[in-house]
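Open the model in your viewer and keep the selection panel at hand. The tour goes stop by stop, with what to select and what to look for.

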Amino acid sequence: MGRNRNYFVVPLVLFVVLLAVRLFFAFQTPFLDGASYQHLVKAGEIVHKGVFANPVFYYLLSVVLFFSKNVFVVKVFSNLFFVLVNVLVYFIALRLSKSRLFSAISALISGLLPVYFSNTFNLVSPLSLGLFLFFFNIFAYLNSEKKGWVNVYIISFIVFSFTHWLVILYVLGLAVYHLITRLEGIRKKGVELELSFFSVFFGLWAQVLVSKGLLFSLGLRLFSFNIPGVLWSSYFPAYSLPEVMSLLGVVPFFTGLYVIYKYSFERRGKGISFITSFILVAAALFFFRLLLVNLALIVLGLLFCVFLARWFSDFKVFARRAKVAGFLNVLVVFIVLIALLVVPVSVYFSFSRLKDSSQYEDIFDAVEWIKANTPEDAVILALPQEGSFVSYFSGRDVVITDDFLKFQDIDERLDDVYRIYKTRFETEAIGLLDKYDVSYILFSDAAKKKFGMDSLSYAVGKCLNVVHEDGGLVYFKDPGCKLRVIR
Amino acid sequence: MQVEGDSMRKKILLAVFVLFMLASPVFFRLLGDNYSLPGREVYSFLLHKSAWGIPFAGNIISNVPLFILLFLPLVVVLFSFLLLNLILNELGMKHDFRVVFLVVLSLSPLAQSLAFFAGVNMIVFPVFLLGFLFLLKKRVVLGSALLVFASFLSPAQALVSVLVVFVVKKYWFDDRRLNFVAGLIGGIFLVFHSGFLFSLPDVFANIDFSDFFSEFGSFFGFGIFEIFLAGFGFFSLLRFRKDYSLVIYLFSGILILSFFIVGLRIYSLLIISFLNALIICEIFKRKWHVAVLKNLVLLTIFCGLLFASMSHAITLSKAEPSSKFVQGLTVLSDKKPGVVLTLQEYGDFVEFYSGKLPVVRGESVSSGLFSDYLNMFYSSDFSETLKLMKKYGVRYVIITPEMKNGKVWKKDGEGLVFLVEYDKHFKKLIENEGVAVWEVQYEE
């Protein structure tokens with residue numbers, strides 16, 4: 001009994017500490033990360049519009065929103081899953097290293113990784129539940145020979161299959177794992193093959209099923225996330241190696257690579273091969289731009305942290321053999337301190353993200369005005385990154401958002417939106433505004449900065465008038481102004 | 001006696017299931033009150049009776065009532081399934097495997113397309129299967145004659161026929177006459193289908209990956225899930241690589257080439273269904289440690305195939321022409337003579353249902369005519385549009401919602417859409433759920 005209680009003390013402490021740190025940063029602003037609002041909009045729509053791709057998270061979020069629309073409640077809900085991911089990193093690392101101390105260090109570092117922490121502390125997204133289920137399934141698979149875990153795995157995998165695209169990475173990882181173990185002649189239990197069979201078939205079928213509409217409407221563009229060409233570089237930035245290392249942490253990066261090398265060429269380990277398979281698949285998808293860069297780095301960083309505990313265990317054995325066991329504690333503390341250099345980097349990136357969120361504070365007044373003073377069927381034009389925010393708070397339709405999968409004609413649409421902001425000709429603007437039935441334009445500080453203008457240059461005639469000025473200019477388009485061909 | 005009764009019941013159940021799956025696109029189409037023949041190929045065939053290179057067949061089919069012609073592909077595919085069952089039996093496949101194969105085949109989106117669209121495959125496919133069956137029964141002359149006949153009709157068919165002759169010669173029986181047959185079919189391929197060889201560089205250069213998958217909207221594609229399953233089946237087949245290496249190479253070759261050559265997909269369908277049946281039987285026979293996983297895997301496979309199939313059936317049932325479009329064309333049939341301006345791909349529908357000629361139809365149109373045709377759609381200058389309409393004798397204009405939503409225009413109020421709405425020279429004859437027919441009233 002005592003042993004069992006201790007078993008959960010470390011992860012519980014980890015959970016509380018990491019959650020507290022995350023919420024401290026998240027509560028610095030009443031706004032969320034930009035990418036969150038599209039998910040809040042979807043969670044609001046799912047009750048009326050029914051199921052769409054990967055709906056599980058949206059159903060959960062809609063339940064939370066039903067009880068409270070307070071943004072801080074939503075932040076707590078999302079951060080719970082993100083912290084549980086680190087707890088799972090602890091348990092997986094414990095299984096591979098058999099050391100509670102080293103597993104706790106690994107899990108702590110995984111929670112503070114710059115790429116993970118700064119991108120997720122203020123984010124509400126299916127990624128939170130997706131990552132949690134990804135690691136939970138890894139853990140359940142590793143425990144599959146134990147009684148009851150097969151059923152747990154089956155249930156969690158079914159939920160995972162309808163939660164996030166990460167399930168594709170997961171099933172590919174399983175396939176690579178079986179390939180690696182076959183090549184290395186590692187014996188596996190029969191149940192592992194059966195679970196893999198089930199996962200591969202069910203995961204793929206579920207994803208084809210939930211993505212049917214997107215496959216039909218977007219075709220192969222779905223595999224590039226339908227990201228418009230002009231925004232491609234911001235979603236797939238070309239990071240240099242030092243930048244990647246600073247995002248993943250130098251120590252997890254090098255120790256992870258070392259463990260992969262060691263167990264690929266010199267030793268054998270089923271658990272290590274299992275985790276390595278996911279690292280290989282994530283790296284391949286990252287290389288071929290089939291996984292968003294930040295998501296790929298998050299997965300890679302967390303998996304490298306799992307290896308960190310194993311590296312510490314191996315290092316301990318090595319230190320004893322090399323007869324420097326007396327200095328072992330000093331060496332470990334030294335390495336942990338180096339590893340904890342991720343903390344200042346995380347803090348720096350996190351404050352930078354908080355600064356990005358402040359753009360919503362700037363336009364909040366304007367959005368409130370739109371909600372109070374415009375008809376419910378009004379269509380608003382705003383920048384793509386502001387679209388979901390405007391839609392969520394005002395309840396009005398918008399021309400474009402950063403949920404690019406919604407738009408078949410995304411390149412043309414984005415081009416039209418930019419032209420409406422940039423053009424000097426009223427005729428061109430009116431034609432485009434009519435094309436999307438736009439009745440209001442939000443000209444925010446972000447738009448001013450982006451296009452280098454203080455106001456819309458063509459809005460000097462009768463067709464467009466400024467109706468609100470706080471939190472950005474709101475223009476009203478006279479519905480009587482139409483472009484007509486006269487013979 | 002009891003066992004015989006059970007067996008018969010299972011056979012009836014299988015036949016009903018196969019019939020239901022294959023007939024579902026036609027069934028859904030009829031439920032949507034659309035009684036027109038789907039696809040363009042059959043209209044081309046009915047209007048130009050010598051098409052497909054079989055003059056007498058054109059005359060026969062053009063006298064068949066349209067309602068029967070709607071079900072003819074289904075009947076032909078069911079007959080082909082019967083032939084396939086006999087072929088597999090002849091090849092020594094067990095009863096269980098044959099049942100799984102036929103179920104999997106009937107669940108394939110491509111098989112549904114074959115049972116839905118009347119086209120050249122309606123003749124080629126059963127003739128080929130009959131020829132193959134006769135060859136397996138060592139009726140060389142009859143079998144070869146059928147394969148040679150089928151080879152005249154399609155280049156892909158000629159290619160497959162040669163390969164089949166070689167396979168029969170290697171694994172079934174060696175007959176010197178088969179060398180002659182292979183040579184003859186090769187000759188037919190070179191003489192009658194040499195254009196196919198020259199078109200290959202273009203075919204390879206213009207590959208559209210999404211055209212291979214039904215989930216992307218392709219009528220003649222495979223389900224992603226069935227391809228994936230076939231991948232497992234292929235690994236399972238590799239166990240027989242020592243004895244059947246030629247078969248494995250042929251399977252691989254045909255599967256890869258069918259990415260590029262649509263005509264080969266019908267044979268890929270057989271291969272993919274064979275591989276799927278192989279892996280399903282293996283999963284079924286394997287000793288599982290966790291029984292529930294076996295049932296879940298089999299259920300997932302069945303659901304994966306069934307859902308793709310049903311979804312494809314719904315897509316197929318909406319194939320052009322729509323009932324509203326045909327209604328619009330029927331209105332035109334009583335009107336005075338004149339040329340019809342509408343989308344190029346509707347050309348044969350217009351001629352068939354209204355008896356009036358379209359401005360353009362088919363694939364090969366002179367560049368001058370095509371340029372005028374586009375100008376009539378996109379120009380907002382009525383005098384220019386009118387001049388071109390007069391030049392081609394256009395009296396009727398048909399605009400469908402699909403044309404307004406991307407096939408011709410990107411938004412309402414562009415070019416001709418604007419003119420027909422606001423210019424007094426256009427009189428609306430009928431509008432039915434977005435399909436509008438306009439008459440051009442020239443000033444005398």
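What percentage of the 444 residues in chain B is buried? Colour chain B by accessibility to see the answer: buried residues make up 52% of the chain. Keep in mind throughout that this is a predicted model.

**Stop 1: chain B as a whole**

Show chain B as a cartoon. You should find 21 helices and four strands. Align the view to the principal axes. The C-alpha atoms then fill a box of roughly 80 × 55 × 45 Å. Now turn to the contacts within chain B, counting those with a separation of 6 or more. Residues 24 or more positions apart account for 68% of them.

**Stop 2: the two domains of chain B**

Colour by domain next. For domain 1 of chain B, select 2-119, 207-225 and 288-317 together. For domain 2 of chain B, select 323-440. These bounds come from the domain assignment. Place a marker at the C-alpha centre of each domain; the two centres are 35 Å apart.

**Stop 3: the interface between them**

Select the contacting residues on each side. Domain 1 of chain B contributes 13 residues, and domain 2 of chain B contributes ten. Together the two domains bury about 970 Å², with 66% of that area on carbon and sulfur atoms. Then zoom in on helix α2 of chain B, residues 41-47. This helix supplies four residues, the largest share of the domain 1 side. Colour that side by class: five residues are nonpolar, six are polar and two are charged.

How many salt bridges cross between domain 1 and domain 2 of chain B? The count is zero. For polar contacts, look for one residue pair between the domains, both residues being at pLDDT 80 or more.

**Stop 4: a salt bridge at B:E320**

Stay in chain B and select B:K407 and B:E320. Their side chains form a salt bridge, with 3.2 Å from N to O. B:K407 sits in helix α20 (residues 401-407) of chain B, and B:E320 in the loop between α15 (291-317) and α16 (323-333), so the bridge ties together parts 87 residues apart in sequence. Both ends are partly exposed: B:K407 has a relative accessibility of 39%, and B:E320 has 22%.

**Stop 5: a buried pair in chain A**

Widen the view to all chains. The whole structure holds 25 salt bridges. Go to A:D403 and A:K42. Their closest N and O atoms are 3.6 Å apart, and the pair forms a salt bridge. A:D403 is in the loop between β2 (397-398) and α20 (410-422) of chain A, while A:K42 is in helix α2 (residues 36-49) of chain A. The two residues are 361 residues apart, so show the whole of chain A to follow the path between these distant parts. Are the two residues buried or exposed? Both A:D403 and A:K42 are buried.

**Stop 6: a network in chain A**

Select A:K435 and A:E412. This salt bridge has its closest N and O atoms 2.5 Å apart. A:K435 lies in helix α21 (residues 426-435) of chain A and A:E412 in helix α20 of chain A, so the pair links parts 23 residues apart in sequence. A:K435 is partly exposed at 25% relative accessible area. A:E412 is also partly exposed, at 24%.

Finally, add A:D415, A:D416, A:R419 and A:E428 to the selection. Along with A:E412 and A:K435, they are linked in a network of salt bridges.

Conventions. Residues numbered from 1 in each chain as written. Chains lettered and ligands numbered in written order. Predicted model: local features only at pLDDT ≥ 70, side-chain atom pairs only at ≥ 80, totals over all residues. Heavy atoms only, no water. Domains from an automatic or database assignment. Contact = heavy atoms within 4.5 Å. Buried area = accessible area lost by both parts, 1.4 Å probe. Salt bridge = Lys/Arg side-chain N within 4 Å of Asp/Glu carboxyl O. Polar contact = N/O pair within 3.5 Å; in protein donor to acceptor, adjacent residues only side chain to side chain. Nonpolar A, V, L, I, M, F, W, Y, C, P; charged D, E, K, R; others polar. Buried < 20%, exposed > 50% of the residue type's maximum accessible area, 1.4 Å probe, protein only.
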